[in-house]
Amino acid sequence: MKVTIKDIAKECGVSPAAVSLVLNNRDARISSETRKKILDTVKKYDYRPNRLAIGLLKNQTSTIGVIVPDIGNIFFAELCKGCEYEARKHNYTLMVTSADEFPADNLRYFNALIDQQVDGLIYVAPSNIDNQTIHSICSKITQLKIPFIAVDRALDFPFAKSIVNDNIHGGYIATKHLLELGHRRIGCLTGPLCNQTSSDRLKGYQKALEEFQVPYDASLVLEGDFTATSGYNSLAYMRGCDASAIFCFNDMMALGIYRAARDYKLKLPEALSVVGYDDIFISDLLDPPLTTVNQPAYKIGASAVLSLIALAQKDTSVDSVVFTPSLKVRSSTAAWDAARKESKQISCV
Ligand code: RIB
């Protein structure tokens, strides 16, 4: 039988209110002996307050909901770690749900967290989010007055604050790096192009090509899905297109290319330069360490929680944030020249 606050109070000969005051460190008027007796009894029965009951009483559950498309993607795992750090620091519990990039029912995950009475919601929209879903989310958070932050993928409804990175700049600096190394046949492995982070990175790719007066060749652009599998499957196609470098729109797909390069006995970066995006922690542990566009997932997650808590405290100064990504040059990219191409005809079976 679960011990309740009344059981604790009865055993200590005090009121439930006295137990609550001690548990919430608001026990100024309670003697140290009584305080010690209450804490010892709580420990004896391993009593844990009923969060849901408290939530109903206080209309607050001290819980923050987070929805990400794929917790298996290290970028989102690192983002959630940043959320967890700040949530814990402010005595909130995090409730994370991994929805998928293309969920069958977008609202299912959102409604599940609302039903749990979360005090605020951090939302990374899936790639297939549609206007009807956005409208439903918008009206529900307005009606329930729930603090809401869109992360990584902005949502175009009037008051939703968002924390994103400048994806056009990210795509531009990645591609410019390869152009400066002499690459002219640069494969571009995108994420889902219905996702604005991907379409913006592609704009950055095109902007750099234009700046270097390299014609845009659509045959060098392949749509991936942010998974390592799509990275693996892209290599044969890109080699068939005579690409000397590949810009991947996230590190997970770059991991897939590394695996395929090993299977095809292609030495990186001699045979092929690879650039990723996200700078997840294992990018630096790869052989060769991956050149990638850094977007601070942990910091983005932590900032999202701080903004959410400020919104909950009716702080009207909270605004959207756009992080400027930077290029982390490691050793998966190298200079390319036509002479070298002649000397190393590497077939890709
Ligand atoms: O790795 C997942 C990708 O989806 C990241 O680049 C992030 O920006 C998200 O949009």
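Angles between helix axes that are under 35 degrees count as roughly parallel, those over 145 as roughly antiparallel, those from 65 to 115 as roughly perpendicular, and the rest as oblique. The structure examined in these exercises is a predicted model.

**Exercise 1. Helices H8 and H9**

Determine which class describes the arrangement of H8 and H9, and state the handedness of their crossing.

Solution.
Step 1. Two packed helices are described by the angle between their axes and the distance between the axes.
Step 2. The axes of helix H8 (residues 167-180) and helix H9 (residues 196-211) cross at roughly 40° and come within 6 Å.
Step 3. H8 and H9 are therefore oblique to each other.
Step 4. Their crossing is right-handed.
Step 5. On the H8 side, the contact involves Asn 167, Ile 168, Gly 171, Tyr 172, Thr 175, Lys 176 and Leu 179. Their partners in H9 include Thr 197, Arg 201, Tyr 205 and Leu 209.
Step 6. By character, the residues of this contact comprise six nonpolar, five polar and six charged.

**Exercise 2. Helix H1 and its two partners**

Determine how H1 is oriented towards H2 and towards H3.

Solution.
Step 1. For H1 and helix H2 (residues 16-23), the packing angle is about 105° and the axes are 8 Å apart.
Step 2. An angle from 65 to 115 degrees counts as roughly perpendicular; H1 and H2 are therefore roughly perpendicular to each other.
Step 3. In this contact, Ile 5, Lys 6, Ile 8 and Ala 9 of H1 meet Pro 16, Val 19 and Ser 20 of H2. These residues divide into five nonpolar, one polar and one charged.
Step 4. For H1 (residues 5-12) and helix H3 (residues 32-45), the axes cross at roughly 130° and come within 10 Å.
Step 5. H1 and H3 are therefore oblique to each other, and H1 passes H3 in a right-handed crossing.
Step 6. H1 contributes Ile 8, Glu 11 and Cys 12 to this contact, while H3 contributes Lys 37, Ile 38, Thr 41, Val 42, Lys 44 and Tyr 45. Five of the residues are nonpolar, one is polar and three are charged.
Step 7. Ile 8 appears in the contact with H2 and in the contact with H3.

**Exercise 3. The surroundings of the ligand**

Identify which residues surround the ligand, and give the distances from the side chains of Asn 73, Arg 201 and Asn 250 to its oxygen atoms.

Solution.
Step 1. Around the ligand are Asn 73, Phe 75, Phe 76, Asp 152, Arg 153, Thr 197, Arg 201, Phe 226, Phe 249, Asn 250, Asp 278 and Gln 295.
Step 2. From Asn 73, a polar side-chain atom lies 2.7 Å from a ligand oxygen atom.
Step 3. For Arg 201, the corresponding distance from a polar side-chain atom to an oxygen atom of the ligand is 2.8 Å.
Step 4. In the side chain of Asn 250, an N or O atom is 2.9 Å from an oxygen atom of the ligand.
Step 5. Thr 197 and Arg 201 are among the residues around the ligand, and both also take part in the contact of H9 with H8.

**Exercise 4. Backbone features in loops**

State what is notable about the backbone at Asp 152, Pro 269 and Pro 288, and locate each residue.

Solution.
Step 1. Most residues other than glycine have a negative phi, and most peptide bonds are trans.
Step 2. Asp 152 is not a glycine, yet its phi is positive, at about 70°. This residue belongs to the loop between strand E4 (148-151) and strand E5 (161-165). Asp 152 is also one of the residues around the ligand.
Step 3. The peptide bond from Leu 268 to Pro 269 is cis, with omega near 0°. Pro 269 is located in the loop between helix H11 (251-263) and strand E9 (273-278).
Step 4. A cis peptide bond, with omega near 0°, also leads from Asp 287 to Pro 288. Pro 288 is in the loop that lies between E9 and strand E10 (291-294).

Notes
Residues are numbered from 1 along each chain as its sequence is written. This is a predicted model: local features need pLDDT of at least 70, side-chain atom pairs count only at pLDDT 80 or more; totals for chains, interfaces and linings use all residues. Side-chain values use heavy atoms; hydrogens and water are left out. Axes are lines fitted to C-alpha atoms, for helices over the stretch in contact, and angles run from 0 to 180 degrees between N-to-C directions. Helices (H or I, at least four residues) and strands (E, at least two) are DSSP runs, numbered from the N terminus. A crossing is left-handed if the near helix is turned anticlockwise from the far one by less than a right angle, and right-handed if clockwise. Contact means heavy atoms within 4.5 Å. Ala, Val, Leu, Ile, Met, Phe, Trp, Tyr, Cys and Pro count as nonpolar, Asp, Glu, Lys and Arg as charged, and the others, Gly among them, as polar. A residue is near a molecule or strand if one of its heavy atoms lies within 4 Å of it. A polar contact is a pair of N or O atoms within 3.5 Å; within protein, one must be able to donate a hydrogen and the other to accept it, and residues adjacent in sequence count only if both atoms are side-chain atoms.
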